[in-house]
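Here are my notes on this model, point by point. Please read them with the structure open.

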Amino acid sequence: CYFNDPRTTEIYPLSLHAALPIFAAVRERINALPHDGTVIVQGLTLSTAPMAATIATQLGAELVLEVASVVGLQEADSLRTLSQASAFIAPSETIRSALKASPLAARSVEVIRPGVQTDDAPAAFSDAQSAPSLVFAGALHARSGVDTLLRATKRVLHRHPNVQLFVIGKGAAEADFRHLATSLDISLNVTFAGRLEPARPALRAADIFCLPRASPAFREEPIHAMASGLAIVAARGGQCDGLVHRQTALLCAEHDEEDMAAQICWYLENPRDAKTIAATAQAYAREHHSVSRMVNDYLRVYRR
């Protein structure tokens, strides 16, 4: 429903005229199905919300929008689209709270947490014979916090010289991060693994999952880290529920390499406690992020 203009960095919605074949195809599909109830159009991202809203208007349907970021909740353009929704779905209580603090507070907001498969046992420090490993997974852009993580790793290596860091993902800042690893003289301990699909097997092979930035958008990587039973170090203030200091994770100040290094070293020097925290995080994922719970929550919203 969107196209990129290669001359700019802008993303433009298709015009109504260009989208008419889409509406016709959707209407034809709906008319071919036996139904006597409400038609629901669900927008899965904020970037596709304008198209979802237009389709809902064309079909006389109810509009449900998923909101996974706190960005734009006070901006006029976003509010014009979002205000057309009958209900919102948020992946966490933190984003639900942001919606309730916005001009959209009167709208219904349901929290439906993403469902993931939880492993049987925690992966953190499960192999005492292997060198301890850190892992980051996500887009490699200037605001990802990977630079903070690399500097923190440099500090960690002073006390634990056999630690390995694996950086999973691609992005425009990858070359800068590789250069930084070289300038810090830690290249032998850092592996840029590229984009792995799926990334879950690589997470299971690590001990500590690092989330160096509190993103304004919800990310699923920390949920997979919890489900894999990793010991998590995360910047405070993110959009993911369930990361509680010294219970399911160790939290640190954003952009503070010294604080992040200290939390990583605490895990490395207290592996038994690290396993306990990882197991608690895994139990949280099992209870709150099961696939069956996610499916039932969607069905509840649709039926209402």
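1. Val291 counts as partly exposed, because its relative accessibility is 38% and the partly exposed class lies between 20% and 50%. This is a predicted model, so please read each value below as computed from predicted coordinates.

2. Where does Val291 sit? Its place is in helix 11. Setting aside residues up to four places away in sequence, Val291 touches Gly115 and Val116. Arg246 is 45 residues from Val291 along the chain. The C-alpha atoms of this pair are separated by 27 Å.

3. Helix 11 (291-303) also gives two or more residues to the lining of a pocket, the largest one, whose space is about 790 Å³. Its lining has 32 residues. Closest to the centre are Thr45, Leu46, Ser47, Glu66 and Ala68.

4. Which elements give two or more residues to that lining? They are strand 2 (11-13), helix 2 (49-59), helix 3 (76-82) and helix 11. Helix 3 has the largest share, with 4 residues.

5. The class make-up of the lining of the largest pocket should be stated too. Nonpolar residues number 19. There are 6 polar and 7 charged residues.

6. Now helix 9. This helix runs over residues 257-269, 13 in number. At 1.5 Å a residue, it should span 18 Å. Its end C-alpha atoms are 18 Å apart, so the expected and modelled spans agree.

7. What caps the N-terminal end of helix 9? Asp256 does. One of its side-chain oxygens lies 3.2 Å from the backbone nitrogen of Glu258.

8. Which residues of helix 9 are buried? They are Asp259, Met260, Ala261, Gln263, Ile264, Cys265, Tyr267 and Leu268. The elements that cover them include strand 7 (133-137), strand 10 (208-211), strand 11 (231-235) and strand 12 (250-252). Helix 5 (146-159) and helix 10 (271-288) are also among the covering elements.

9. His160 deserves its own point. This residue lies in the loop between helix 5 and strand 8 (164-168). Is His160 buried or exposed? At 16% relative accessibility, His160 counts as buried, because buried means under 20%.

10. What does His160 contact? Leaving aside neighbours within four places in sequence, His160 is in contact with Cys265, Leu268 and Glu269. Cys265 and Leu268 are among the buried residues of helix 9. With Glu269, the contact of His160 includes a polar one between the two side chains, at 2.8 Å.

How values were computed
Residues numbered from 1 in each chain as written. Predicted model: local features only at pLDDT ≥ 70, side-chain atom pairs only at ≥ 80, totals over all residues. Heavy atoms only, no water. 1 Å grid on protein atoms, 1.4 Å probe; cavity = no way out; pocket = protein on both sides within 12 Å on 5 of 7 lines; lining within 4 Å. Points joined across faces, edges and corners; volume = space filled by probe spheres on them. Nonpolar A, V, L, I, M, F, W, Y, C, P; charged D, E, K, R; others polar. Expected span 1.5 Å × (residues − 1). Buried < 20%, exposed > 50% of the residue type's maximum accessible area, 1.4 Å probe, protein only. Contact = heavy atoms within 4.5 Å. Polar contact = N/O pair within 3.5 Å; in protein donor to acceptor, adjacent residues only side chain to side chain.
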